[in-house]
Amino acid sequence: TNLESIDDFISSNYSNYKLYQKELSGIPGLKLIEYNEKEKNNFHYIIIEVDEHTIGINRDDVIKILHAENILARRYFYPGCHNMEPYKSYHPHAKLLLQETERLSQKVIALPTGISISPDVIEIICKILRNIAENGREINNLLKLKQYSKIG
């Protein structure tokens, strides 16, 4: 049944991708991983990379904020396959050889897409992300205070 509608799925995903691309452009510290549009693909994933040093807040805290806003974002391909069994036991030092994989596994987020997400929702998600990027250091400080107050 899904194959009968695959063109509709791809068209919707492509439209979502283009809107994310437009709305996320120019936000320092957030980078949309772009597709090569010359290749044939289904645009199934919308992936952004979070640069914690630029925005002042890490990927996991960005996801927590998105979840608090009922946005189902998730870590992308986390943990890396080399950190799961049986690979972890067979190659316990793989992370030393896969430094780029380790780095990226701490920075990327999969954003919602598909036929059930509307352009209005994508615009709201991007506004929230822009707000996080612009205020990341202050948000991070507030999160630290909140954690500290729970301990003390």
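Which residues make a nonpolar surface patch of about 330 Å²? The patch is formed by L96, L97 and L98. Patches of this kind gather residues with over 30% relative accessible area and no salt bridge, with nonpolar side chains (Val, Leu, Ile, Met, Phe, Trp, Tyr) joined within 5 Å and like charges within 9 Å. A salt bridge here is a side-chain nitrogen of Lys or Arg within 4 Å of a carboxyl oxygen of Asp or Glu, and accessible areas come from the Shrake-Rupley method with a 1.4 Å probe, only the protein chains shown counting as cover for residues. L98 sits in the loop between α5 (94-97) and α6 (99-105); helices (H or I, at least four residues) and strands (E, at least two) are DSSP runs numbered from the N terminus.

The model is a predicted one, in which local features need pLDDT of at least 70 and side-chain atom pairs count only at pLDDT 80 or more, while totals for chains, interfaces and linings use all residues. Residues are numbered from 1 along each chain as its sequence is written, and side-chain values use heavy atoms, leaving out hydrogens and water.

Turning to the interior, the largest nonpolar core holds 30 residues, and Y20, L24, V62, L66, L111 and L129 have the most contacts inside it. Such a core is a set of buried Ala, Val, Leu, Ile, Met, Phe, Trp, Tyr and Cys residues joined through side-chain atoms within 4.5 Å; buried means under 20% relative accessible area, exposed over 50%, and partly exposed in between (1.4 Å probe, protein chains only). Two or more residues each come from α1, β1, β2, α3 (59-68), β4 (108-111) and α7 (119-151), and α7 gives the most, with eight.

Aromatic rings add a further layer of detail. Rings of Phe, Tyr and Trp (its six-membered ring) pair if their centres lie within 6.5 Å, with planes under 30 degrees apart counted as stacked, over 60 as edge-to-face and the rest as tilted. Seven aromatic pairs result from this rule. In one of them, Y14 and F43 meet edge-to-face, 4.9 Å centre to centre with 65 degrees between the planes. This pair links helix α1 (residues 6-24), which carries Y14, with F43 in the loop between β1 (30-32) and β2 (46-50), 29 residues apart. Y14 is partly exposed at 31% relative accessible area, whereas F43 is buried at 6%. Ring pairs also join Y14, Y17, Y35 and F43 into a cluster.
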